[in-house]
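Please look through the structure below, first as a whole and then strand by strand. The report that follows begins with one pair of strands and widens from there.

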Amino acid sequence: MTDRRPLPHVRYLLLHAYGRGGTIRTVMNQANSLVAAGWSVEIVSAVRRRDDIQFPLDDRVQASTVVDLREGAHTPPSGLVARWRDRKRDELLQTPALHIPKGEFGYRYFNRYVEDRLIAYMKSLTSGILVTTRPALNFLSADHATNGVIRVAQEHMNLGTHRKDVQKRIQETYPRFATVAVLTERDREEYAELLPGTEVIRIPNAVHSLDQVAADPKSKIAVAAGRLFPQKGFDMLIPAWAKLVESFPEWQLRIYGSGEKKSELRNLIDVHHLYNHVLLMGHTDRLDDELAKASFYVLSSRFEGLPMVMIEAMSHSLPVVSFDCPTGPADVLTHGVDGLLVAPEDPDALADAMAKLMADEAMRADMGVAAVLTAASYGPDAVHPRWEALFTDLHEQRHGTAAVAGSAKGHA
Amino acid sequence: MGLQRVKAHAEIAEVWPRDGRIRLVGRIHGLPARDTAGSWELVLTRRAHPDRRLRYAADLKGDRFESELPVADLAAPDYAPVEEWDIHLSDGHVELRAGKHLDDIRGKKKIYVFPEQHVGNLGVRPYYTIKDNLSLECRTGGSA
């Protein structure tokens, strides 16, 4: 009634908007597209530990922070009451979270202070749309963003990957959302079954661009990318490569990413004498350029949400060899068309499939062409209008269709 | 003149530190074919004492070379805790520095990481310098 803007203000709440993860990147892509389409968009960071945002973000997207944890961001106040409050703050910062289940993978980033500040922030919202982007934030939103804001929960992980205590909270709280958005068709079915009566929709993440340099199928480089930690399964990929090195000595496997398991992976490379053939490349700011040098992409993960780097690789005409892990690869890939899907966590099967592609340049070329066609349905132009349609629908439902006359668009 | 010129050198393809030996495989780059005839050897030069040199026969087929050394030869009584040996390929007339300059990888020092070989309290590890040349690093354990 008082809101005369044609479009509601959209707030994306991220745990750490200044970090480097896949969720952060895709949320920034969504924000960029929405703001370009005329929406008013804000990225809200629950905590802030860095000065700069790590991904390209349109200047028109507002950025704000709930709890600034940078050194020097908090100046100790003077005055007795203020000092008492300050001590209280320190105490709460050390106190474990109360509202977040321990099984939430981000549990350690929360504490009583961050919770209190987030709850206060959520209670203060009375209009627009609030999109929360991980279970912990979704739970807080379900309980506390109750003053009129339209709430959307994003789930970037498949249900089975969540620990039991998190699944239980999901079942309890997600029915309060206007919509729960998931990434794959399999996720949509599983969450819909757990949450009868709740609107669960599938909107995949989008790659940042489809206008990419095509890879050369002649290249003898295979590429993998991801944080060096157990989820990504590089500890299975390296022994798989060991089986190929004698038949394909001129091939190289390049693994991009950094992480806590680097020295374990390095040991594995030494044990299998792969130091000439398997390279831990570290983090790169130019992954697009590096993908374009390879002739296929390998995904060795134990689980995924929707593996975006894999789809980005496909946008460079790279075919994929992947474990059929939950979830994502089977949602995106058609076995034998744009890649090869093999039994999950089976290094021998992974090696066999890689050998098949390495031995057959024509197969790499054909599958590469198919891969770029598959990637097209994950382009920004294919995906982002679905967010606009969802937000428009939710806004109309709340305020009556008259409030947004003219701009209404149904979503498919 | 728009092309980037890489001067003649011994381009390393593979480094095999294994079973107390270090084997090197590569190609001579930038010399006319007739100049790669003759007998070649692998020359190690101790960086702190350039007069201290070790020589090993190198096997050449066309421009492809292969050579190896036992790391035990690198032991010396007068070592500082860390010593480096630089690697060349030589036919007695030209000396070609060993290195890896023809691929696209930047920062090889941190990307090509080779395992250390041990003889007594000496640890020997091949590594690429910041200029992508190949050298050996010797660490004397215990005394460091």
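Strand β6 (residues 179-182) of chain A is joined to β7(A) by 3 bridges, and the two strands run parallel. Two strands count as a pair here if DSSP finds at least two bridges between them, while the strands themselves (E, at least two residues) and the helices (H or I, at least four residues) are DSSP runs, numbered from the N terminus. Within this pair, A:Val180 stands opposite A:Val200 in β7(A).

This is a predicted model, in which local features need pLDDT of at least 70 and side-chain atom pairs count only at pLDDT 80 or more, whereas totals for chains, interfaces and linings use all residues. Residues are numbered from 1 along each chain as its sequence is written, and chains are lettered from A and ligands numbered from 1 in the order in which they are written.

The pair belongs to an open sheet of 7 strands in chain A, which follow one another in the order β3-β2-β1-β4-β5-β6-β7 with parallel pairing. Because β3 (62-68) and β7 (200-202) of chain A stand at the edges with a single partner strand each, one side of each is left without a neighbour in the sheet. Neighbouring strands of this sheet are turned by 25° against each other on average, direction ignored.

Two helices of chain A that pack on the sheet are set out in the table; contact means that C-beta atoms, placed from the backbone, lie within 7 Å, and angles run from 0 to 180 degrees between N-to-C directions, with axes fitted to C-alpha atoms, for helices over the stretch in contact.

| Helix of chain A | Strands of chain A touched | Angle between directions |
|---|---|---|
| α4 (residues 135-144) | β1 (9-14), β2 (40-48), β4 (129-132), β5 (150-154) | about 145° with β4(A) |
| α14 (residues 380-399) | β1, β4, β5, β6, β7 | about 150° with β5(A) |

On a wider view, chain A is divided into domain 1 (9-206 + 380-404) and domain 2 (221-376), with bounds that come from an automatic or database domain assignment. The C-alpha centres of domain 1 of chain A and domain 2 of chain A lie 31 Å apart, and the contact takes 15 residues from domain 1 of chain A and 9 residues from domain 2 of chain A. On the side of domain 1 of chain A that touches domain 2 of chain A, α1 (22-36) and α6 (185-194) of chain A each supply at least two residues, and α6(A) gives the most, with 3 residues.
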